[in-house]
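Okay, thanks for making time, everyone. I'd like to walk you through a model I've been looking at, so let me put it on the screen.

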Amino acid sequence: MPESYVPKEAIGHGDGGSAALAIGEAESLERRPGAAPPGAGPPAGPLGKPRSLWSDAWHDLRRNPVFVLSALVIVFLVVIAIWPQLIATGNPYRADLAKAQQGSQPGHPFGFDTQGRDVYTRVVYGARASITVGVCATTGAALLGSLLGGLAGFFGSWSDTLLSRLADIFFGIPVILGGLVFLSVVTSTTVWPVVGFIVLLGWPQISRIARGSVVTAKQNDYVQAARALGAGNGRMLLRHIAPNAVAPVIVVATIALGTYIALEATLSYLGAGLKPPTVSWGIDISAASTYIRSAPHMLLWPAGALSITVLAFIMLGDAVRDALDPKLR
C-alpha cells in the first residue's frame, strides 16, 4: 500500500478536514444530475397541488355525516316538490266527507282530514309551496343583501352610513306583526307575496354579513396590489373581493332558508301567509290544530314534515359553516 494513501474513513478528523471536503466535492461532481446523495433515502414524490378554499371545503363536507344526511333529505324534498306524483298518485283536493278524520287505512297511511282529503297526499304536495318560498326568498334576500352590503362596504363613506341606517329601520320591524299587516291586504293565492315580504325583511341581515366580509377582504395585500397595478373598481370587486367574501353569505343564507320555511308556515298558520286552495303545511296545521285531541294524525304528519325540512336546512348550514370557516379547522 503506498504511503500516500489515506483511508476515507480516517478523513474528516483533525488535519484531514480539507481533504474530506475535496473528496465530497469530487463525489458530487461524479453523480448524475438529480441523483440522491449517498445514504439518502428514496426521493420524495412531487408535492400535490394545494387545494383552494372551495375544494378543501368540499373535501371536508363529503366526509361529514351531518352534511351527507341533510343533503340527502333536501334532495329528496326538492324531487318531491318538483314531481310529487312520483310518490303520491292521489289528488290533494279530492274530498270524501264519509272518511273525515279517519285514521290510517290501506292506501292512505296518514289518514284523512276534516274534509276527507288524504293527509299523505297533502303532505307530499305541501312540500312544493314550502320549498318554493324558502328557495326564492333566500335567493332574493341573498342577491339584494349582497349587492347593497358589498357596494356599501367597498365604497364606504355616505353610502355605508345610509345602508346602515336603512337596515336599522327594517331590523326594527317585528317579523310576525309586519307579516300580519303587510299580507292581510293581499288577496293573491300564489306564493309571491310571501316571498316578497320575506325578501323585504330578510336582506338587512345578509347585507351586514356581506358588508363586513367586503371590508375585511379589501384590506388584504392582493387587493392593494391590484389597486397599485391600476385595476378598476369593477375588476377588484368581481375578481378579487367577491370570490373571497361570498363564503359567509352562503353560510348565513343556507341557515336562513330553513328559517324562512318556518316563517312561511307560521304566517300561513295565522291566516296571513299562503291561502287556500294552495296546499301548504302551515294551512293544514292551522286547520288541524282544533282537532288535535280527536284526530292527532291530522296535525302530527304535516308538523313532522315541516320540522324535518327546517332541521335539514339548519344542519346543512352548520356543516357548510364548519367547512368554510378556517377558524374552526
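So, to start with, how many helices and how many strands does the secondary structure of the chain come to? It's twelve helices and zero strands. Read along the sequence, then, you just get α after α. Keep in mind that this is a predicted model.

A bit on the chain as a whole. There are 329 residues, and 37% of them count as buried. If you take contacts between residues at least 6 apart in sequence, 68% of those join residues at least 24 apart.

Now, pockets. I picked the second largest pocket, which holds about 380 Å³ of space. Its lining is made up of 19 residues, and S146, L147, G150, A242 and V246 lie nearest the centre. Which helices supply at least two residues each of that lining? That would be helix 4 (119-155), helix 7 (192-217), helix 9 (233-245) and helix 10 (247-269). Helix 4 gives the largest share, with eight residues. For those of you thinking about chemistry, the lining has 14 nonpolar residues, five polar ones and no charged ones.

Let's stay with helix 4 for a second, and look at Y120, which lies in it. Is Y120 buried or exposed? Well, in between: its relative accessibility is 21%, so Y120 counts as partly exposed, given that buried means under 20%. Leaving out residues up to four places away in sequence, Y120 touches I87, A88, P109 and F110. And here's a pairing from far along the chain: Y120 and M298 are 178 residues apart in sequence, yet their C-alpha atoms are 9.6 Å apart in space.

Over to helix 10, another contributor to the pocket lining. I did a quick sanity check on its length. With 23 residues at 1.5 Å a residue, helix 10 should span 33 Å, and its end C-alpha atoms are 34 Å apart, so that agrees. That said, helix 10 does bend, by about 25° at L257. Just after helix 10 you'll find G271, with a positive phi of about 85°.

One more residue in helix 10, and that's T254. T254 has 15% relative accessibility, so it counts as buried. What does T254 touch, not counting residues up to four places away in sequence? F313, L316 and G317.

And while we're on helices, a general reminder: an α-helix has 3.6 residues a turn, so residues three or four places apart point the same way.

That's my tour, over to you.

Notes: Residues are numbered from 1 along each chain as its sequence is written. This is a predicted model: local features need pLDDT of at least 70, side-chain atom pairs count only at pLDDT 80 or more; totals for chains, interfaces and linings use all residues. Side-chain values use heavy atoms; hydrogens and water are left out. On a 1 Å grid over the protein atoms alone, a cavity is a set of points where a 1.4 Å probe fits but cannot get out, and a pocket is an open set with protein on both sides within 12 Å along at least five of seven lines; lining residues have an atom within 4 Å of a point. Grid points are joined across faces, edges and corners, and a volume is the space filled by probe spheres set on the points. Helices (H or I, at least four residues) and strands (E, at least two) are DSSP runs, numbered from the N terminus. Ala, Val, Leu, Ile, Met, Phe, Trp, Tyr, Cys and Pro count as nonpolar, Asp, Glu, Lys and Arg as charged, and the others, Gly among them, as polar. The expected span of a helix is 1.5 Å times one less than its number of residues. The bend at a residue is the angle between axes fitted to the seven residues ending there and the seven starting there. Buried means under 20% relative accessible area, exposed over 50%, partly exposed in between (1.4 Å probe, protein chains only). Contact means heavy atoms within 4.5 Å.
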